[in-house]
Amino acid sequence: NDVIRLIQDRRKDTGCEYTDRIDIGLVTESADVRRAIEQFRDHITQETLATKLQFEPLPSTEASEAKLGDATLKVYVRVVK
């Protein structure tokens with residue numbers, strides 16, 4: 001899944017340990033991308049060790065931006081302390 005790969009890449013970029021639990025913020029203008037994320041939400045959170053997945057930016061966290069087809073997706077990742 002492309003979204004999982006993008007989240008895992010962002011985990012690496014931010015120096016997350018393999019076992020770190022994270023919060024995820026995913027921001028997109030695409031209704032199709034958002035629907036797909038909602039459909040696979042449980043799978044995405046399990047694969048990425050996410051405790052929370054929201055469709056808005058995470059405060060005090062920088063995003064990486066990626067293209068999914070014609071859509072843009074901003075990925076925010078924060079380690080849960």
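These exercises work through a predicted model.

**Exercise 1.** Find which strands stand at the edges of the sheet.

*Solution.* Start with the strand order. The open sheet has four strands, ordered E2-E1-E4-E3, and its pairing is mixed. Now look at the ends of that order. Strand E2 (50-54) and strand E3 (63-68) each have a single partner strand, so one side of each is left without a neighbour in the sheet. These two are the edge strands. Then check the twist. On average, neighbouring strands are turned by 25° against each other, direction ignored.

**Exercise 2.** Describe how E3 is joined to E4.

*Solution.* Take the direction: E3 and strand E4 (residues 71-79) run antiparallel. Count the links: six bridges join them. Pick out a pair: Ala66 stands opposite Leu73 in E4.

**Exercise 3.** Work out which face of helix H1 is buried, and what the buried residues pack against.

*Solution.* List the buried residues of H1: Val3, Ile4, Leu6, Ile7, Arg10 and Arg11. Buried here means under 20% relative accessible area. Look down the helix axis. The buried residues fall within an arc of 160°, so they line one face of H1. On the other side, Lys12 and Asp13 are exposed. Finally, find the partners. The buried residues pack against E1, H2, H3, E3 and E4.

**Exercise 4.** Place Ile7 in the largest nonpolar core.

*Solution.* This core has 20 residues. Ile7 is among those that touch the most other members, along with Val3, Leu26, Ile37 and Leu73. Next, set aside neighbours within four places in sequence. Ile7 is then in contact with Ile22, Ile24, Leu26, Ile44, Thr48, Val75 and Val77.

Note on methods
Residues are numbered from 1 along each chain as its sequence is written. This is a predicted model: local features need pLDDT of at least 70, side-chain atom pairs count only at pLDDT 80 or more; totals for chains, interfaces and linings use all residues. Side-chain values use heavy atoms; hydrogens and water are left out. Two strands pair if DSSP finds at least two bridges between them. Axes are lines fitted to C-alpha atoms, for helices over the stretch in contact, and angles run from 0 to 180 degrees between N-to-C directions. A nonpolar core is a set of buried Ala, Val, Leu, Ile, Met, Phe, Trp, Tyr and Cys residues joined through side-chain atoms within 4.5 Å. Buried means under 20% relative accessible area, exposed over 50%, partly exposed in between (1.4 Å probe, protein chains only). Contact means heavy atoms within 4.5 Å. The arc is that of the directions from the helix axis to the C-beta atoms.
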